[in-house]
Amino acid sequence: MKIAMILFIGFLLVMCVFPANTIAEERDFNKGKKLYLKYCEKCHGQEGKGDGYTLFNPPVADLTSPEIQKKTDAELWHGVHEGIPNTAMGTWRFVLSDEEINSVLAFLRSFGH
Ligand code: HEC
């Protein structure tokens, strides 16, 4: 009985320190990072600076730049989902689910800080 009580209080304390949504965001971030390294890093570079594959014209976007970071999630989502016409940035809608694109965007936001 005592142990159950201690476990319960411990659980409450953990929930105070890590509210459920932080844990969810953390999971999205890690998932997004994995997807980014798998699919996007080749062109956009490990730190998103657009220094992966540098011979495209127009060049690969620098995802750390204010021009990209000031775009809304919806705009970036659209760019990833549909691709950017006449550039090397293709559509990812056949590769990534809607939710996976959200995860990748959660990771992309970390380039702005
Ligand atoms: C084959 C190379 C290539 C790959 C792979 C690639 N990109 Fe891109 N990406 C580009 C290029 C080139 C641009 C710049 C397009 C332009 O000039 O508008 C770009 C632009 C972008 C932009 C900016 C879009 C905007 O609104 O201006 C985002 C966000 C982005 N890429 C995310 C991703 C993500 C996420 C992935 C992986 C799922 C990815 N890219 C994979 C080449 C690539």
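**Exercise 1. Find which residues form one aromatic cluster in this predicted model.**

Solution. Start with the members: Phe29, Tyr36, Phe107 and Phe111 together make one aromatic cluster. Now zoom in on two of them. The rings of Phe107 and Phe111 sit 5.1 Å apart, centre to centre, with 70° between their planes. Planes over 60 degrees apart count as edge-to-face, and that is the label this pair gets. Next, check the cover. The cut-off for buried is under 20% relative accessible area. Phe107 comes in at 6%, so call Phe107 buried. Phe111 has 12%, so Phe111 is buried too.

**Exercise 2. Work out how the rings of Tyr39 and Trp92 are arranged, and where the two residues sit.**

Solution. First, the tally: the protein has 6 aromatic pairs. For Tyr39 and Trp92, the ring centres are 5.6 Å apart and the planes meet at 55°, so this pair is tilted. Then look along the chain: Tyr39 belongs to helix H2 (residues 20–44), while Trp92 lies in the loop between helix H4 (73–82) and helix H5 (98–108). That puts them 53 residues apart, so the pair links distant parts of the chain. As for cover, Tyr39 is partly exposed, at 25% relative accessible area.

**Exercise 3. Decide whether the protein is a compact globule or more spread out.**

Solution. Begin with the build: there are 5 helices and 0 strands, giving the pattern α-α-α-α-α. The radius of gyration is 18 Å, well over the 13 Å that the globule rule gives for 113 residues, so the protein is more spread out than a compact globule. Its C-alpha trace spans about 70 × 25 × 25 Å along the principal axes. Finally, 24% of the 113 residues count as buried.

Note on methods:
Residues are numbered from 1 along each chain as its sequence is written. This is a predicted model: local features need pLDDT of at least 70, side-chain atom pairs count only at pLDDT 80 or more; totals for chains, interfaces and linings use all residues. Side-chain values use heavy atoms; hydrogens and water are left out. Helices (H or I, at least four residues) and strands (E, at least two) are DSSP runs, numbered from the N terminus. The radius of gyration is taken over C-alpha atoms; the globule rule is 2.2 Å times the number of residues to the power 0.38. Buried means under 20% relative accessible area, exposed over 50%, partly exposed in between (1.4 Å probe, protein chains only). Rings of Phe, Tyr and Trp (its six-membered ring) pair if their centres lie within 6.5 Å; planes under 30 degrees apart count as stacked, over 60 as edge-to-face and the rest as tilted.
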